[in-house]
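Okay, my turn. I'll put the structure up and then talk through charges, overall shape and the cysteines.

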Amino acid sequence: MKSRIAIVGAGAVGSYVGAHMARAGEDVTLLDAWPRHVEHMRAHGLRVTGVTAEEEFVQPVRALHLTDAQQLAREKPVDIAFVSVKSYDTEWATMLIRQYLAPGGFVVSLQNCMNEERVAAVVGWGRTVGCIASKISVELYEPGHVHRGVEKGGAAYTIFRAGEVHGRITPRVEAVARLVGLSDSAKVTTNLWGERWSKLVANSMQNGLSACTGLSGNAMMREDAIRRFSIRLGSEAVRVGQAAGYVLEDILNIRPEVLAAAGEGDAAALRTAEDTLAAGARKRAEGQRPSMGQDMVKGRRTEIAFLNGYVVDRGREIGIEAAANAALTDIVQRVERGEIAPDPAHIVDLRLN
């Protein structure tokens with residue numbers, strides 16, 4: 001029998017994987033808080049587009065408003081619940097779906113940031129699984145339309161990494177990898193925490209910068225001061241992660257030690273990091289914005305406290321200062337509050353010792 005699947009948070013990532021699951025015939029229900037998006041999905045299905053014409057399709061899906069979630073009580077319990085909301089919504093989203101889980105059901109954090117502990121606080125560690133979406137670059141352009149702005153990873157790069165918090169390979173994480181693998185390449189990882197922190201480093205280098213400058217990913221990489229500040233952000237985050245004991249993976253195709261050294265003044269490492277970032281930009285659609293940049297444009301709350309702010313907090317716990325991450329967190333929060341407008345000058349004119 002097919003697993004009963006729920007996706008709580010049909011934003012860009014949730015919609016993208018959900019559409020592919022439904023297209024493959026999986027029993028999947030999408031729940032979301034944006035009424036227009038839910039109504040569009042109900043009436044017209046989900047439209048998926050990408051950088052090639054072959055990626056485009058329209059898929060009928062089952063979509064529920066959050067206020068309709070109670071319908072699940074009259075149905076077969078949920079076996080696998082993907083929570084794909086913003087980090088600050090993790091607890092309530094997990095609480096919402098917890099009551100509809102089957103006895104052996106579990107929750108998958110398909111999110112940015114380090115949210116497994118938040119999920120586990122609601123359902124317990126035994127019902128918590130993690131899944132990282134790396135280099136996926138999807139955007140919910142309008143109700144019912146999700147677009148992917150980079151080419152698929154396929155065999156060249158594994159996009160999804162599903163793992164148990166204890167690191168063992170189990171049938172349920174293999175099932176998760178199979179489901180997300182319906183939309184792109186996927187694997188089971190025994191290094192969930194290292195994979196998760198590595199993705200956090202990558203996001204810390206891009207998301208907040210886009211939010212406070214108003215620039216796309218490629219535009220940021222063309223500006224020397226912003227590109228090098230991005231590298232410093234990543235360098236600090238790598239050092240915090242290493243001190244926390246995580247085994248880090250390559251970050252944006254840069255080895256962790258090279259990225260750390262690049263932000264600490266090593267000229268050769270800096271050249272390598274900049275060349276690698278430039279190569280990555282050539283594979284990305286020109287107007288593609290990191291998710292936090294999208295949130296700022298749409299007037300939504302950002303995840304800055306759970307990304308760069310989290311790097312700062314973990315660093316303080318360990319005894320490592322992350323000054324660049326602290327400065328960026330402050331700037332993004334000021335932009336978010338409307339005290340200042342997005343502007344590249346916030347970073348270009350920034351001076352740090």
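So, charges: the chain carries 42 positive and 42 negative ones, and the mean positions of the two sets sit 3 Å apart. Keep in mind that this is a predicted model.

Staying with the outside for a second, the accessible surface of the chain is about 14,400 Å². Carbon and sulfur atoms account for 49% of that. As for the inside, 58% of the 353 residues are buried.

Now the fold. You're looking at 14 helices and 12 strands. The radius of gyration is 20 Å, and the globule rule gives 20 Å for 353 residues, so the chain is as compact as a globular protein of that length. If you want a box for the C-alpha atoms, roughly 60 × 40 × 40 Å along the principal axes will do. And on contacts: take those with a separation of 6 or more, and 71% of them join residues 24 or more positions apart.

Last bit, cysteines. How many disulfides do we get? The count is 0. Why is Cys113 not bonded? Its closest cysteine sulfur is the one in Cys131, and that is 15 Å off, which is too far for a bond; the cut-off for a disulfide is 2.5 Å. Turn it around and Cys131 tells the matching story: no disulfide, with the sulfur of Cys113 as the nearest cysteine sulfur at 15 Å.

And are these two buried or exposed? Cys113 has 3% relative accessibility, so it counts as buried. Cys131 is buried too, at 0%.

That's me done, over to you.

Notes. Residues are numbered from 1 along each chain as its sequence is written. This is a predicted model: local features need pLDDT of at least 70, side-chain atom pairs count only at pLDDT 80 or more; totals for chains, interfaces and linings use all residues. Side-chain values use heavy atoms; hydrogens and water are left out. Buried means under 20% relative accessible area, exposed over 50%, partly exposed in between (1.4 Å probe, protein chains only). Helices (H or I, at least four residues) and strands (E, at least two) are DSSP runs, numbered from the N terminus. The radius of gyration is taken over C-alpha atoms; the globule rule is 2.2 Å times the number of residues to the power 0.38. Contact means heavy atoms within 4.5 Å. Accessible areas come from the Shrake-Rupley method with a 1.4 Å probe; for residues, only the protein chains shown count as cover. Lys and Arg count as positive and Asp and Glu as negative; His and the chain ends are not counted. The place of a charge is taken as NZ of Lys, CZ of Arg, CG of Asp or CD of Glu.
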